[in-house]
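Subject: Structure handover

Hello,

Here is the structure you asked to take over. Please open it first, then read my notes below.

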Amino acid sequence: MLFKRIGDFGKISDITKFRNEGEKIFAFKPQPDRFLSFFFVGKKIVVTNGFRKKGQKLPQKEKDLALKRMKNYDSRVKNGDYYEE
């Protein structure tokens, strides 16, 4: 439902459901899960990873994984190598 809402309205203003986690990473927050994502050219939202929430704060390893995947995606698109072999 959260993905549909952001697609229909362009934003989710309730930070309990969608939040900027810094460094261009955003989190969809359906309880008890988290889906980290980033925005890409052409109004695309790319979901990088999902995990089950176990604590109050975003685990740094999950954010690092999202940042790594964001860089990887960006470089593959720029190089024309969108799909890995």
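Start with D8. Its relative accessibility is 49%, so D8 counts as partly exposed. Keep in mind that this is a predicted model. D8 forms a salt bridge with K4, and their closest N and O atoms are 2.7 Å apart. K4 has 51% relative accessibility, so K4 counts as exposed. Both residues sit in helix 1 (residues 2-9). They are separated by about one helical turn, because they are four residues apart there.

**Other salt bridges**

The structure holds five salt bridges. Another one joins E23 to K63, with the closest N and O atoms 3.5 Å apart. E23 lies in the loop between strand 1 and strand 2, while K63 lies in helix 2, so this pair ties together parts that are 40 residues apart in sequence. The two ends sit in unlike surroundings. E23 counts as exposed, at 51% relative accessibility. K63 counts as buried, at 11%.

R52 and D33 also form a salt bridge. Here the closest N and O atoms are 2.7 Å apart. This pair links distant parts of the chain: R52 is in strand 4, D33 is in strand 3, and 19 residues separate them.

**A charged residue without a bridge**

Now look at E62, in helix 2. E62 is buried yet has no salt bridge. Which side chain of opposite charge is nearest to E62? That is K61, 4.7 Å away. A salt bridge needs the nitrogen and the oxygen within 4 Å. Leaving out residues up to four places away in sequence, E62 touches L36, N49 and F51.

R69 is in helix 2 as well. R69 counts as partly exposed, because its relative accessibility is 39%. Beyond four places in sequence, R69 touches T48 and N49. R69 and D14 are 55 residues apart in sequence, and their C-alpha atoms are 26 Å apart.

**Strands**

Strand 2 and strand 3 run antiparallel, joined by three bridges. A27 has L36 in strand 3 as its bridge partner. A hairpin of four residues connects strand 2 to strand 3.

Strand 3 also pairs with strand 4 in the antiparallel sense, over eight bridges. F40 stands opposite K44 in strand 4. These two strands form a hairpin too, with three residues between them. G42, in that turn, has a positive phi of about 85 degrees.

Is strand 3 mostly covered or mostly open? Mostly covered: six of its eight residues are buried.

**Nonpolar cores**

In soluble globular proteins, nonpolar side chains tend to be buried together. The largest nonpolar core here has eleven residues: I25, A27, L36, F38, F40, V46, F51, A66, L67, M70 and Y73. Strand 2, strand 3 (33-40), strand 4 (44-52) and helix 2 (60-79) each supply at least two of them. Which element gives the most to this core? Helix 2 does, with four residues.

Another core lies apart from it. That one has six residues, among them I6, I12, F26 and F28.

F38 is a good residue to click on in the larger core. Outside its sequence neighbours up to four places away, F38 touches K24, I25, K44, I45, V46, T48, M70 and Y73.

**Aromatic rings**

A pair of aromatic rings is described by the distance of the centres and the angle of the planes. A search of the whole structure finds seven aromatic pairs. F18 and F26 form a stacked one, at 5.6 Å centre to centre and with 5 degrees between the planes. F18 counts as buried, at 8% relative accessibility. F26 counts as buried too, at 18%.

F18 also pairs with F28. Their ring centres are 4.7 Å apart and their planes stand at 55 degrees, so this pair is tilted. The pair links distant parts of the chain: F18 is in strand 1 (residues 18-22), F28 is in strand 2 (residues 25-28), and they are ten residues apart. Both F18 and F28 are buried.

Finally, ring pairs link F18, F26, F28 and F39 into a cluster.

Best wishes

How values were computed. Residues numbered from 1 in each chain as written. Predicted model: local features only at pLDDT ≥ 70, side-chain atom pairs only at ≥ 80, totals over all residues. Heavy atoms only, no water. Phe/Tyr/Trp six-rings, centres within 6.5 Å; stacked < 30°, edge-to-face > 60°. Buried < 20%, exposed > 50% of the residue type's maximum accessible area, 1.4 Å probe, protein only. Core = buried A, V, L, I, M, F, W, Y, C linked by side-chain atoms within 4.5 Å. Contact = heavy atoms within 4.5 Å. Lys, Arg positive; Asp, Glu negative; His and termini not counted. Pairing = 2+ DSSP bridges.
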